[in-house]
Amino acid sequence: MKKVLAFFVLLICLAGVMYYSNNKVIGTVSGLENERITINDVVYERDLFTDFSRKDRGTYLGKVENSHITMRVYSVKGDNDGDYIYVFWDWEGGFYRKEVL
């Protein structure tokens, strides 16, 4: 009986960790058409002309949001410089590139 109880406690703890890691807000979305994302003071702008495709979506990083939308953010496979992120919302997705100053 104690083993079953310990198993359920462990299962609940793991569910909590997974919930927290999947719901971590890492930044904000701005612009009239959500064309800018800010993560840790780094600004990314929507890039419609990249050579990457949906297949290049990497690991989940967290989510960004404003009062109207929540987007899931992923790294991009093959982007060794870390200039791009892939963002997915509703049924759409797109690439954002680090703003060049």
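**Reading charges and strand pairs**

Q: Which residues form a positive surface patch here, and how should I read such a feature?
A: In this structure, which is a predicted model, the positive surface patch is made up of Arg 54, Arg 57, Arg 72 and Lys 77. To read a patch of this kind, one looks for residues of like charge, each with over 30% relative accessible area and without a salt bridge.

Q: Where is Arg 57 found, and is Arg 57 buried, partly exposed or exposed?
A: Arg 57 lies in strand E4, which covers residues 57–65. The label depends on the cut-offs, with buried meaning under 20% relative accessible area and exposed over 50%; because its relative accessibility is 37%, Arg 57 counts as partly exposed.

Q: How many salt bridges does a search of the whole structure find, and which residues are linked in a network?
A: The search finds two salt bridges, and a network of such contacts links Arg 36, Glu 45 and Glu 99. In one of them the side chain of Arg 36 meets that of Glu 45, at 3.3 Å from N to O. Glu 99 also forms a salt bridge with Arg 36, where the closest N and O atoms are 3.3 Å apart. This second pair links distant parts of the chain, since Arg 36 belongs to strand E2 whereas Glu 99 sits in the segment after E7, 63 residues apart.

Q: Why do Arg 36, Glu 45 and Glu 99 count as partly exposed?
A: The reasoning again compares a relative accessible area with the cut-offs of 20% and 50%. Arg 36 is partly exposed because its value is 28%, Glu 45 because its relative accessibility is 34%, and Glu 99 because its relative accessibility is 27%.

Q: In what sense do strands E2 and E3 pair, and over how many bridges?
A: Strand E2 (residues 36–39) and strand E3 (residues 42–47) pair in the antiparallel sense, over four bridges. As one follows this pairing, Ile 39 is seen to stand opposite Val 42 in E3. The hairpin of E2 and E3 has two residues between the strands, and there Asn 40 takes a positive phi near 50°.

Q: Which strand is joined to E3 by four bridges and runs antiparallel to it, and which residue stands opposite Glu 45?
A: A general idea helps in reading any strand: in a regular strand, the side chains alternate between the two faces of the sheet. In this case E3 is joined by four bridges to strand E7 (residues 92–98), and the two run antiparallel. Glu 45 has Arg 97 of E7 opposite it, while its salt bridge is with Arg 36.

Methods
Residues are numbered from 1 along each chain as its sequence is written. This is a predicted model: local features need pLDDT of at least 70, side-chain atom pairs count only at pLDDT 80 or more; totals for chains, interfaces and linings use all residues. Side-chain values use heavy atoms; hydrogens and water are left out. Two strands pair if DSSP finds at least two bridges between them. Patches are made of residues with over 30% relative accessible area and no salt bridge: like charges are joined within 9 Å, nonpolar side chains (Val, Leu, Ile, Met, Phe, Trp, Tyr) within 5 Å. Accessible areas come from the Shrake-Rupley method with a 1.4 Å probe; for residues, only the protein chains shown count as cover. A salt bridge is a side-chain nitrogen of Lys or Arg within 4 Å of a carboxyl oxygen of Asp or Glu. Lys and Arg count as positive and Asp and Glu as negative; His and the chain ends are not counted. The place of a charge is taken as NZ of Lys, CZ of Arg, CG of Asp or CD of Glu. Buried means under 20% relative accessible area, exposed over 50%, partly exposed in between (1.4 Å probe, protein chains only).
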